[in-house]
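Hello,

I'm passing this structure on to you, as promised. Please have a look at it first, and then read on for what turned up.

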Amino acid sequence: MGGGLDVARLRADFPVLQQPMNGKRLAFLDSAASSQKPQAVIDAERDCYERYYANIHRGVYQLSQQSTQAYEAVRGVVQRFLNAADEREVVFVRGATEAINLVAQSFVRPLLEPGDEILITGMEHHANIVPWQLVAEATGARLVVAPVLDDGQLDMAGLRERISARTRFISVVHVSNTLGTINPVDEVIAAARERDIPVLVDGAQSAPHMPVDVQALGADFYVFSAHKTYGPSGAGVLWGRLDRLEGMPPWQGGGDMIRTVTFEKTEYAEPPQRFEAGTPNIAGVIAMGAGLEYMLAVGREHILAHEQALLAYANERLAGIDGFRVIGTAPDKAGVISFVMADAHPHDIGTILDMEGVAVRAGHHCTQPLMQRFDVPATVRASFGLYNDTTDVDQLVDGLHRVKRFFA
Ligand code: PMP
């Protein structure tokens with residue numbers, strides 16, 4: 001099939017995929033929640049602990065210098081991955097959630113006065129809703145939500161209408177983890193620019209699946225999590241334009257983010273260290289770098305083409321199932337298929353599929369307002385990674401026929 005990836009060879013890089021599940025071949029279709037890890041990532045983390053682990057930035061001894069070097073080298077990898085202008089724009093965090101909270105507290109909160117507005121969309125993950133509610137509650141600002149159309153597209157006209165003289169910040173998801181919709185973030189950013197409104201792009205679901213160029217995008221902030229880009233959990237990236245980061249106060253205080261400390265006054269380090277208080281996830285960041293290198297070597301345009309081809313194949317095969325309904329049918333979609341089936345609850349579907357070796361997610365996918373928008377309590381979600389192939393889709397389709405028989 002199309003896409004040009006040698007998936008059989010790539011699958012072999014992922015040890016977890018080699019094992020059977022409930023006696024069946026494992027069809028892992030939950031990469032939107034978290035991707036599996038290639039051997040290169042596992043090796044990078046283990047190699048750090050086995051050969052050169054020590055705390056970073058402090059030791060004069062060889063091990064500490066080696067681990068500092070390996071950790072800091074990942075900034076350059078992320079710079080390449082995002083085409084950032086400067087590696088000082090790369091802040092290491094725990095993940096997308098922490099990155100959004102950091103921007104909310106350090107950049108946005110000081111801008112807000114009672115009655116000011118933060119604009120998001122109706123398809124945000126809770127991670128891009130709750131941090132804004134927290135700063136809104138603390139300052140008297142208001143959360144404004146751009147609507148979602150029936151097919152799962154962002155209502156761009158509705159979004160433009162909601163940009164007002166009080167809009168202080170816009171935070172928008174690049175790719176919806178529930179619907180798969182690829183949002184026209186360039187249009188959102190252009191609309192924001194007309195009024196000098198800074199924009200954060202939640203890249204948790206775009207970084208794993210497509211080329212990203214933060215300079216071309218023109219956003220102020222872009223965030224993603226390593227555990228979805230084939231790296232470990234507990235590591236991630238806040239990318240921020242350097243002038244933005246330079247103007248921001250620290251969010252957390254502690255070791256490693258200071259220049260000098262006295263009891264009277266502390267001077268803070270420059271970005272990115274200013275935002276990296278305390279001992280970070282050293283081996284995790286190093287392994288995150290290995291995951292990003294892995295994606296760069298495979299080629300993100302190939303990953304995108306492969307997942308798009310798989311999506312088309314899956315749509316065609318799934319359409320033949322009676323009572324099957326996809327939630328989110330936007331023309332521009334990533335490899336995510338959320339669905340419901342007549343007479344079967346999503347959790348039951350997930351459980352029956354698991355018996356067939358098919359791993360999917362069932363639930364609200366941390367997008368409860370979106371579930372309300374589509375008037376469903378939950379969906380089943382199948383999502384693709386670079387290691388998925390048509391056999392995974394066939395296994396899903398066979399499993400769903402079994403579901404049908406079960407509830408017939
Ligand atoms: N935004 C989106 C669109 C996501 O899919 C996720 C993860 N499901 C997050 C934010 C939060 O990411 P994390 O839990 O890794 O911080």
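Below are my notes on the ligand, the pockets and two spots in the backbone.

Please keep in mind that this is a predicted model.

Let's start with the ligand. Twelve positions are worth selecting in your viewer, since the residues around the ligand are Ala96, Thr97, His125, Ala127, Val173, Asn177, Asp202, Ala204, Gln205, Ser225, His227 and Lys228. By class, that shell holds 4 nonpolar, 6 polar and 2 charged residues.

Three side chains there offer polar atoms to the ligand. Thr97 has a side-chain N or O atom 2.5 Å from an oxygen atom of the ligand. In Asp202, a polar side-chain atom is 2.6 Å from a ligand nitrogen atom. Gln205 places a polar side-chain atom 2.8 Å from an oxygen atom of the ligand. As for cover, the ligand taken alone exposes 400 Å², and the protein buries 85% of that.

Now for the pockets. Where does the ligand sit? The space it takes is the largest pocket, which holds about 360 Å³ of space. This pocket is lined by 24 residues, and those closest to its centre are Thr97, His125, Ser225, His227 and Lys228. Each of these five also appears among the residues around the ligand. Which element gives the largest share of the lining? Helix α4, residues 96-108, does so with 4 residues. Sorted by class, the lining of the largest pocket has 9 nonpolar, 9 polar and 6 charged residues.

The second largest pocket has about 230 Å³ of space. Its lining is made of 18 residues, with Phe92, Val93, Arg94, Glu98 and Ala277 nearest its centre. Two or more lining residues come from each of β4 (90-93) and α4, and α4 is the helix that you met above in the largest pocket. By class, the second largest pocket is lined by 10 nonpolar, 5 polar and 3 charged residues.

Finally, the backbone. Most residues other than glycine have a negative phi, and most peptide bonds are trans. Two places here depart from that pattern, and both are in loops.

- The peptide bond from Pro271 to Pro272 is cis, with omega near 5 degrees. Pro272 belongs to the loop between β12 (266-268) and α10 (282-298).
- Asp196, a residue other than glycine, has a positive phi near 60 degrees. You will find Asp196 in the loop that runs between α7 (185-193) and β8 (199-202).

If you would like one place to begin, try Thr97: this residue is around the ligand, has a side-chain N or O atom 2.5 Å from a ligand oxygen, and is one of the residues closest to the centre of the largest pocket.

Best wishes

Conventions. Residues numbered from 1 in each chain as written. Predicted model: local features only at pLDDT ≥ 70, side-chain atom pairs only at ≥ 80, totals over all residues. Heavy atoms only, no water. Near = heavy atom within 4 Å. Polar contact = N/O pair within 3.5 Å; in protein donor to acceptor, adjacent residues only side chain to side chain. Areas by Shrake-Rupley, 256 points an atom, 1.4 Å probe, with all protein chains shown as cover. 1 Å grid on protein atoms, 1.4 Å probe; cavity = no way out; pocket = protein on both sides within 12 Å on 5 of 7 lines; lining within 4 Å. Sits in = over half its atoms within 2 Å of the grid points. Nonpolar A, V, L, I, M, F, W, Y, C, P; charged D, E, K, R; others polar. Points joined across faces, edges and corners; volume = space filled by probe spheres on them.
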